[in-house]
Amino acid sequence: MQYMSRSTVIEVKGLHKAFGKLEVLKGIDLTVSKGEVISIIGPSGSGKSTLLRCLIHLEKAERGSILIEGRPILDPDHPHISESEIRTRCKKLGMVFQNFNLYPHKSALENVIEAPLVVAKKPRQEAIRAGEQQLEKVGLSDKRDTYPCHLSGGQKQRVAIARALAMEPDILLFDEPTSALDPELIGEVLAVIKDLVKEHMTMVIVTHEMSFAREVSDKIVFMDDGVILESASPEKLFNDPDHPRIRSFLQKML
Amino acid sequence: MEYLLQSTGYILQGGSVTIRLFFLTLLCSLPLGFLGAMAKTSKSRALHILMESYTSIVRGTPLLLQIFFVYYGLPLLIPGLRLDRFTAAALTFILNYGAYFTEIFRGGIQSIERGQYEASKVLGMSYTQTMVRIILPQTIKRVLPPVANESITLVKDTALVVVLGIGDILRNSKEIVARDFTISPFIIAAIIYLGMNYLVVLFFKRLEERYAVYE
Ligand SMILES: Nc1ncnc2c1ncn2[C@@H]1O[C@H](COP(=O)(O)OP(=O)(O)OP(=O)(O)O)[C@@H](O)[C@H]1O
Ligand SMILES: [Mg+2]
């Protein structure tokens with residue numbers, strides 16, 4: 001809690017999302033402030049990924065509202081926000097996936113500079129220089145010209161983080177960034193995320209790494225069956241949750 | 001010996017028709033297949049139906065029938081249309097191979113993981129940018145083996161143009177066989193086809209090696 005008053009960067013109200021008959025999000029309210037780190041935890045299938053995907057418009061929610069830095073990408077009063085407007089507004093967001101989704105036909109550096117070149121239209125030299133800095137930041141300068149198939153899972157995820165950072169997002173979303181990793185590789189990825197915490201990057205992290213969530217988060221959000229059961233400080237949620245379901249979930253996790 | 005050289009020379013003259021047909025077909029049917037695959041993977045229903053009819057008709061009927069249809073049938077359907085034999089043959093081959101390449105490329109495009117589209121989308125890329133920069137380059141690598149197979153088949157399929165009386169490798173060798181009662185021209189023809197396919201295989205092997213730097 002470094003700041004007295006923080007500006008709101010994401011505001012979600014009454015968000016509903018269904019896949020066919022299956023209701024996955026049943027009225028989500030969530031506020032993310034600038035510089036805040038929020039971890040979303042909860043059982044499998046509770047809708048954590050779907051929530052993140054709605055925020056960055058990989059899924060289109062059918063009801064409720066989503067504001068990114070005050071601008072709507074979903075708004076019941078304006079049902080026809082154009083795709084290009086949504087795309088512009090979502091550029092404030094970056095996302096890191098569980099399965100990395102690196103471009104296999106591009107080297108680490110090429111992965112990082114791809115979007116700066118074709119989306120931000122940066123000059124090549126400038127993009128390369130910035131890309132090399134991003135790779136250095138995640139400790140992979142020496143893998144600059146390596147293709148993803150020759151990288152370990154942890155290295156892949158660090159390249160993916162560098163790639164997301166290269167677009168200079170205001171907010172980073174992580175969907176279980178360490179779940180596809182061998183246990184011994186989890187630490188190096190968490191260390192990179194911790195560096196971002198130090199730089200006051202705004203982040204929403206879906207994770208099953210409870211001790212990590214507890215350590216870095218300003219707020220923990222517990223989701224269950226499409227709703228937020230409780231949203232509280234790590235101390236409160238881990239030591240004294242209001243809901244017995246949270247207690248039993250945490251017991252199973254630890 | 002003199003005789004063998006002479007007949008080889010005559011058969012090789014037919015080879016120029018075969019080779020022209022081969023390259024013309026590839027040159028046109030590969031882009032056609034590419035466009036067809038884009039149409040098939042697009043969101044337009046009308047395009048789907050159109051492309052589905054095209055590929056199922058072409059792939060479901062004999063190439064020989066299609067050659068006859070284009071050469072003899074089209075001029076009847078379209079009064080005033082005059083196709084010379086080579087043009088008719090080339091047109092048929094292009095349409096035929098275009099259908100096969102459409103299916104190959106469609107399969108290739110659809111084999112690319114959804115995560116590649118999602119990663120591109122969250123980085124702000126448009127659909128066109130995603131296709132051109134991310135999806136198609138990966139597709140090319142995946143379709144190289146089936147495209148190589150089709151190309152080998154194409155070398156052999158060119159022999160079908162004998163039915164229009166075009167002087168290709170096969171027809172020229174058949175002529176000598178009929179005139180001189182010897183089968184050596186057929187053996188020469190076989191060797192020429194084998195040689196062409198050897199080059200085709202070599203070419204695709206090189207290409208696959210170049211793409212092997214990743215995965
Ligand atoms: N594209 C989709 N089509 C249909 N159902 C889907 C789709 N995506 C997710 N679901 C369903 O929505 C529900 C919530 O999924 P979601 O991935 O958001 O859960 P989660 O909390 O992220 O779970 P996990 O911890 O396993 O990742 C699940 O029942 C899932 O099967
Ligand atoms: Mg999930």
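How many salt bridges does the rule find across the interface of chain A and chain B? The structure is a predicted model, and a walk through its sheet, its hairpins and its second chain leads back to the place where the two chains meet.

A good place to begin is the open sheet of chain A, which has four strands in the order 2-1-4-5 with antiparallel pairing. Because strand 2 (22-33) and strand 5 (71-74) of chain A stand at the edges and have a single partner strand each, one side of each is left without a neighbour in the sheet. Neighbouring strands of this sheet are turned against each other by 25 degrees on average, if direction is ignored.

Following the pairs of strands one by one helps to make this picture concrete. Strand 1 and strand 2 of chain A are paired in the antiparallel sense over nine bridges, and Thr8(A) has Ser33(A) in strand 2 as its bridge partner. These two strands of chain A form a hairpin with two residues between them, and in its turn Gly20(A) has a positive phi of about 60 degrees. Strand 4 (residues 63-68) of chain A runs antiparallel to strand 5 of chain A, and three bridges join them; here Ile68(A) stands opposite Arg71(A) of strand 5.

Two helices of chain A pack on this sheet. Helix 1 (residues 48-55) touches strand 1 (8-19), strand 2, strand 4 and strand 5 of chain A, and its direction makes about 120 degrees with that of strand 1. Helix 2 (residues 83-90) of chain A touches strand 4 and strand 5, and its direction makes about 120 degrees with that of strand 5.

Further along chain A, strand 9 (residues 219-224) and strand 10 (residues 227-232) run antiparallel and are joined by five bridges. Met223(A) stands opposite Ile228(A) of strand 10, and in the hairpin that these strands form, which has two residues between the strands, Asp225(A) takes a positive phi near 50 degrees.

Turning to chain B, the reader finds eight helices and zero strands. The C-alpha trace of chain B spans about 70 × 50 × 25 Å along its principal axes.

With both chains introduced, we can return to the interface, where 26 residues of chain A are in contact with 20 residues of chain B. The size of an interface is often given as the accessible area lost when the parts come together. For chain A and chain B the buried area is about 2000 Å², and carbon and sulfur atoms give 61% of it. On the side of chain A, the residues that lose the most area to chain B are Tyr103(A), Pro104(A) and His105(A), which together account for 26% of what that side buries.

The opening question can now be answered, since the rule finds two salt bridges across the interface of chain A and chain B. One of them joins Glu118(B) to Arg53(A), with the closest N and O atoms 2.7 Å apart. The rule also finds eight residue pairs in polar contact across this interface. Strand 6 (93-96), helix 3 (108-118) and helix 5 (153-165) of chain A each supply at least two residues of the side that touches chain B, and helix 3 gives the most, with three residues. Taken by kind, the residues of this side of chain A divide into 15 nonpolar, four polar and seven charged.

Key. Residues are numbered from 1 along each chain as its sequence is written. Chains are lettered from A and ligands numbered from 1 in the order in which they are written. This is a predicted model: local features need pLDDT of at least 70, side-chain atom pairs count only at pLDDT 80 or more; totals for chains, interfaces and linings use all residues. Side-chain values use heavy atoms; hydrogens and water are left out. Contact means heavy atoms within 4.5 Å. Buried area is the accessible area (1.4 Å probe) that two parts lose on being put together, summed over both. A salt bridge is a side-chain nitrogen of Lys or Arg within 4 Å of a carboxyl oxygen of Asp or Glu. A polar contact is a pair of N or O atoms within 3.5 Å; within protein, one must be able to donate a hydrogen and the other to accept it, and residues adjacent in sequence count only if both atoms are side-chain atoms. Ala, Val, Leu, Ile, Met, Phe, Trp, Tyr, Cys and Pro count as nonpolar, Asp, Glu, Lys and Arg as charged, and the others, Gly among them, as polar. Two strands pair if DSSP finds at least two bridges between them. Axes are lines fitted to C-alpha atoms, for helices over the stretch in contact, and angles run from 0 to 180 degrees between N-to-C directions.
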